[in-house]
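Work through the following exercises with the sequence and the model open beside you. Try each task before reading its solution.

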Amino acid sequence: MRKSRKRLMLLLAGMMVVMSACSEANNAKESPKASNAPAQTSTAQTAGQTEAGPFTKSANPITIRIGKDVDAADKSLPAGDSPESNQYTRYIKENLNIDTKIVWQAASGKDYDQKVNLSIASNDLPDALVVKDTQFRQMVKSGQLADLTEVYQKYASPALKHIIDTTQGLALKSVTVDGKMYALPNVTTESDMVHMMWIRKDWLDKLGLEPPKTMDDLEKVAKAFVEQDPDGNGKADTIGITGPQLGGLLNADFINPNNNNYGFDPIFASYHSYPGFWVKGADGKTTYGSLQPETKQALSKLRDLYAKGLIDKEMTIRKDAQELIKNGTSGIYFGLWWAGGYGPLADAIKNNPKANWQAYTAPLDVNGEFTPHMGNPTNQYLVVRKGYEHPEAAIQMENLLLRDESKFDVKVAIGNYPLRIVFAPMDEMDVTYKMMKEVLAGTKKPEDLDLPGYKLLKSDAEKVKKVKLEPYDKYDIQYWDPNADLGAWKRMYSTLVGISPLQKPYKKTYSVTYSQTKTMESRWASLDKLEKETFLKIIMGAAPLDTFDKFVQDWKKQGGDQIIAEIEESLK
């Protein structure tokens, strides 16, 4: 009992240390969200133009001072380059005559958030930086941001505006306060919102099992993976389901709805449980998904799976969940479409070329439907300091990335582009998947795919046959050649394997809101901590399942009811 208690304390500590960093820090290493594309811009892009516009090169040098998030694990910069001086910053200087100067930098995730928060509190902002929703709203409230309404209309490229328009007003609404636009909102492709199951199909084949569809199927497969030596090494060393790593989340939430790789989102969703999201109750009124009986039911199942040893016992204290996948120890994990090739699978197949990871929309609910929660198309905000003389510079830098991203050397991580935020048409990956199918079938050629808004499409079409082997309609690992072009393989494997399951209809659940209310500013940190600690204890068996009922009561009393009332009022 003493050892179990000690393990619990370690697990809780591990999970809470970087809780605020959430999922973006866990998954930023090789996110492919740079796969965003604009229309090809016309003759007005020349360096000699004089009329101000999206791609005007300034006659005089412009300096923009920025705060920068830096991936500590990134080793892609060549010798002599740095986050402040690299192929991207030089390209910006050459094309726009803008010098980017980093006034401070911090590791992606918690460290970066803390640095942003310190800048807000001290009213000492760089000229521009990328922030999240809560930080953006605090900056607006403090009067720290430039009004970008006219700057956006004059300087945003047609391609950038088109992508923002694909959200049907949601993106602009998220950055508009009292009729003024205070940030440039990013747009993520809809596919970036859906968490699904990745599984070792070669293990399934060896054990004579079918890919699991229901929760009962998933439990049976995970049990077989643990007990039947699927890797054939004669040792009882395999893990059924990978869980969140140190600082990871059991589930995504309305503040960080996307990119929760290695969490349990699909399991919760199979019970119609949406913890961390604001949903409509049976009475039609707004309520919090974490309070619902469906969430208690999902926690009960996760508690059972953990007790049976089917989930990684070291979840939330393991420094890197990917290590289990890379070294061939685990057979199942949950994540996004790009959590395959862009995630741990390049290393996994390097260690074992027969490791056949495939993606499925599972587990399904009792009606046989896949019912994931969805995110907000906007989750990043490019803001400009009030009083900065050249707010257009920040927008022009985004225009340039959208137009010319495919020209860059992909060996250098796109995260080194200063002030980068994600821009993708909502249907970007669906279109990419369908067009790659046509290229492989011979009904489309790369030159047919230089489409406005989908800049990487033509490049993808030129590379797909380098890495995809015949038969083209089969996606198992033996029908790929990653060694031909590893970068192309990462993208194409993620696209064809990861997007394929999403071509089937699925039932989407959106949060009623993705913004915070006044009471959240003072109460949310403690409410969030209460929730995460309670849920982890329940899953680990360190607290009775009925602890959930007390959690619901405490959450409501400690400000939750007031928050729900504020959300209801804001929706009127």
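## Exercise 1: Placing an aspartate

Task: Locate Asp205 in the secondary structure, decide whether it is buried, partly exposed or exposed, and state how far its C-alpha atom lies from that of Pro230.

Solution: Asp205 belongs to helix α9, which covers residues 201-207, where helices (H or I, at least four residues) and strands (E, at least two) are DSSP runs numbered from the N terminus. Its relative accessible area is 47%, and the classes are buried for under 20%, exposed for over 50% and partly exposed in between, computed with a 1.4 Å probe and protein chains only. Asp205 is therefore partly exposed. Pro230 is 25 residues away along the chain, and the two C-alpha atoms are separated by 9.4 Å.

A note on the model belongs here: residues are numbered from 1 along each chain as its sequence is written, and side-chain values use heavy atoms, with hydrogens and water left out. The model is predicted, so that local features need pLDDT of at least 70 and side-chain atom pairs count only at pLDDT 80 or more, while totals for chains, interfaces and linings use all residues.

## Exercise 2: The chain as a whole

Task: Describe the overall build of the protein chain, beginning with how many helices and strands it has.

Solution: The chain has 20 helices and 13 strands. Its radius of gyration, taken over C-alpha atoms, is 24 Å, close to the 25 Å that the globule rule (2.2 Å times the number of residues to the power 0.38) gives for 572 residues, so the chain is as compact as a globular protein of that length. The C-alpha trace spans about 70 × 60 × 45 Å along its principal axes.

Next, consider burial and contacts: 57% of the 572 residues are buried. With contact meaning heavy atoms within 4.5 Å, residues 24 or more positions apart account for 76% of the contacts that have a separation of 6 or more.

Finally, consider charge: there are 73 positive and 74 negative side chains, and the centres of the two sets lie 3 Å apart. In this count Lys and Arg are positive and Asp and Glu negative, with His and the chain ends not counted, and the charges are placed at NZ of Lys, CZ of Arg, CG of Asp or CD of Glu.

## Exercise 3: The nonpolar cores

Task: Which residues have the most contacts inside the largest nonpolar core, and which residues does Leu184 touch?

Solution: A nonpolar core is a set of buried Ala, Val, Leu, Ile, Met, Phe, Trp, Tyr and Cys residues joined through side-chain atoms within 4.5 Å. The largest one has 108 residues, and Ile64, Phe136, Leu184 and Trp198 have the most contacts inside it. Apart from this core lies another, of 54 residues, including Phe264, Ile332, Leu527 and Val552. Setting aside residues up to four places away in sequence, Leu184 touches Leu148, Tyr152, Leu160, Ile164, Gln380, Tyr381, Leu382, Ile395, Glu398, Ile421 and Phe423. In soluble globular proteins, nonpolar side chains tend to be buried together.

## Exercise 4: Pro61 and Asn97

Task: Compare the settings of Pro61 and Asn97, and find which residues Pro61 contacts.

Solution: Pro61 sits in the loop between α2 (22-27) and β1 (62-70), and with 56% relative accessibility it counts as exposed. Beyond its neighbours within four places in sequence, Pro61 is in contact with Lys93, Asn97 and Asp99; the C-alpha atoms of Pro61 and Asp99 are 7.1 Å apart, although 38 residues separate them in sequence. Asn97 lies in the loop between α3 (87-96) and β2 (98-107) and is buried, at 9% relative accessibility. Although Asn97 is not a glycine, its phi is positive, at about 60 degrees.

## Exercise 5: Thr286 and two cis bonds

Task: What is the C-alpha distance between Thr286 and Glu568, and where are the prolines of the cis peptide bonds from Ala362 and Glu470 found?

Solution: Thr286, in strand β10 (residues 286-288), is buried at 5% relative accessibility. Thr286 and Glu568 are 282 residues apart in sequence and 6.4 Å apart, C-alpha to C-alpha. The contacts of Thr286 outside four places in sequence include Val512, Ile564 and Glu568.

The bond from Ala362 to Pro363 is cis, with omega near 0 degrees, and Pro363 falls in the loop between β12 (357-360) and β13 (381-384). The bond from Glu470 to Pro471 is also cis, with omega near -5 degrees, and Pro471 falls in the loop between α17 (457-467) and α18 (486-499).
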